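Open your viewer and get ready to click around. This tour goes stop by stop, telling you what to select and what you'll find there.

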Amino acid sequence: MLFGITACNEQKKESLSDTQADAQVNSSEQKNLETAKQVWKVWNGGDTNSFKSIAIPALIRHANGVLASNDLSGYIATWVVFRTGIPDLNFSYDLVAKGNKVYSKWIAKGTNTGMFGKYSPSGKPSVTNGFTEYTYNDEGKLIQEDAYYDPYSYEEVIGFKLIPPPTKK
């Protein structure tokens with residue numbers, strides 16, 4: 001009988017450890033969600049100095065599977081191009097956290113009233129749909145961003161044209 005009680009107590013200890021582990025995972029995921037919200041706040045016109053407290057200096061960013069920047073200054077330079085070209089740029093988004101990742105489905109809207117890199121303003125509105133996967137380290141700092149979106153939706157606004165290939169007659 002004493003053995004049964006001891007085994008039962010051991011089981012409770014294991015359950016308590018599992019519960020504590022779940023709480024820690026949820027706490028990490030919650031921290032990552034809060035960091036993702038801060039990233040979106042900056043993209044929606046906030047101060048880029050905030051990036052320094054929520055991301056590592058060697059932040060990696062991929063856009064549609066291609067390396068876009070390999071450090072925080074390159075990431076901020078991308079932000080500057082978009083915010084200069086589309087000053088009223090605004091993102092609406094949904095977030096889901098799982099482990100050390102946060103997934104975001106988003107819609108960006110704005111009007112090209114400023115220089116977009118070397119391209120003159122067109123005055124045209126833009127709507128772009130996208131999906132971003134954020135990866136965090138154990139301290140909750142952003143270490144990688146993988147963004148996927150339709151670049152043509154804003155490239156058309158700044159003057160690019162999609163020309164279909166010739167067809168055979």
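Which residue in the turn of the E1 and E2 hairpin has a positive phi? Select Asn64: the hairpin has two residues between its strands, and Asn64 in that turn has a positive phi of about 55 degrees.

Before moving on, some ground rules. This is a predicted model, where local features need pLDDT of at least 70, side-chain atom pairs count only at pLDDT 80 or more, and totals for chains, interfaces and linings use all residues. Residues are numbered from 1 along each chain as its sequence is written, and side-chain values use heavy atoms, with hydrogens and water left out.

**Stop 1: the first hairpin**

Stay on Asn64, which is not a glycine despite that positive phi. Asn64 sits in the loop between E1 and strand E2 (66-69). Helices (H or I, at least four residues) and strands (E, at least two) are DSSP runs, numbered from the N terminus. Is Asn64 buried or partly exposed? With a relative accessible area of 31%, Asn64 is partly exposed; buried means under 20% relative accessible area, exposed over 50%, and partly exposed in between (1.4 Å probe, protein chains only).

Now show E1 and E2 together. They pair in the antiparallel sense over three bridges, where pairing means that DSSP finds at least two bridges between two strands. Click Arg61 and you can look across to its bridge partner in E2, Ser69.

**Stop 2: the whole chain**

Zoom out and colour by secondary structure. You should find four helices and six strands, in the order α-α-β-β-α-β-β-β-β-α along the sequence. The chain has 169 residues, and 33% of them count as buried. It exposes about 10400 Å², with carbon and sulfur atoms supplying 58% of that; the areas come from the Shrake-Rupley method with a 1.4 Å probe, and for residues, only the protein chains shown count as cover.

**Stop 3: strand E6 and its neighbours**

Select residues 142-149, which make up strand E6. On one pairing, E6 runs parallel to E1 (residues 55-63) over five bridges; His62 has Asp146 in E6 as its bridge partner. Strand E5 (residues 125-136) is joined to E6 by seven bridges, and these two run antiparallel. Thr132 stands opposite Ala147 in E6. Five residues lie between the strands of the E5 and E6 hairpin, and there Gly140 takes a positive phi near 85 degrees.

Next, click Ile143 in E6. Ile143 counts as partly exposed because its relative accessibility is 27%. Its C-alpha atom is 7.2 Å from that of Ala58, although the two residues are 85 apart along the chain. Leaving out residues up to four places away in sequence, Ile143 touches several others, including Ile56, Leu59 and Thr135; a contact means heavy atoms within 4.5 Å.

**Stop 4: the nonpolar core**

Show side chains for Val39, Trp43, Phe51, Phe91, Val102, Tyr134 and Leu142. These have the most contacts inside the largest nonpolar core, which has 31 residues. Such a core is a set of buried Ala, Val, Leu, Ile, Met, Phe, Trp, Tyr and Cys residues joined through side-chain atoms within 4.5 Å. Helix H1 (2-43) and helix H3 (72-85) are among the elements that give two or more residues to this core, and H1 gives the most, with six.

Centre on Tyr134: among the residues it touches, beyond four places away in sequence, are Val39, Trp40, Val102 and Leu142. Then hop to Thr78 in H3. Thr78 counts as buried because its relative accessibility is 15%. Beyond four places away in sequence, it touches Trp43 and Arg61.

**Stop 5: empty space**

How many cavities of 30 Å³ or more does the structure hold? There is one, and about 220 Å³ of space lies in the largest cavity. Of the 19 residues lining it, the closest to its centre are Trp43, Phe82, Phe91, Trp106 and Ala108.

Finish at the largest pocket, with about 170 Å³ of space. Its lining includes Val81, Phe82, Phe116, Tyr154 and Phe160.

On a 1 Å grid over the protein atoms alone, a cavity is a set of points where a 1.4 Å probe fits but cannot get out, while a pocket is an open set with protein on both sides within 12 Å along at least five of seven lines; lining residues have an atom within 4 Å of a point. Points are joined across faces, edges and corners, and a volume is the space filled by probe spheres set on them.
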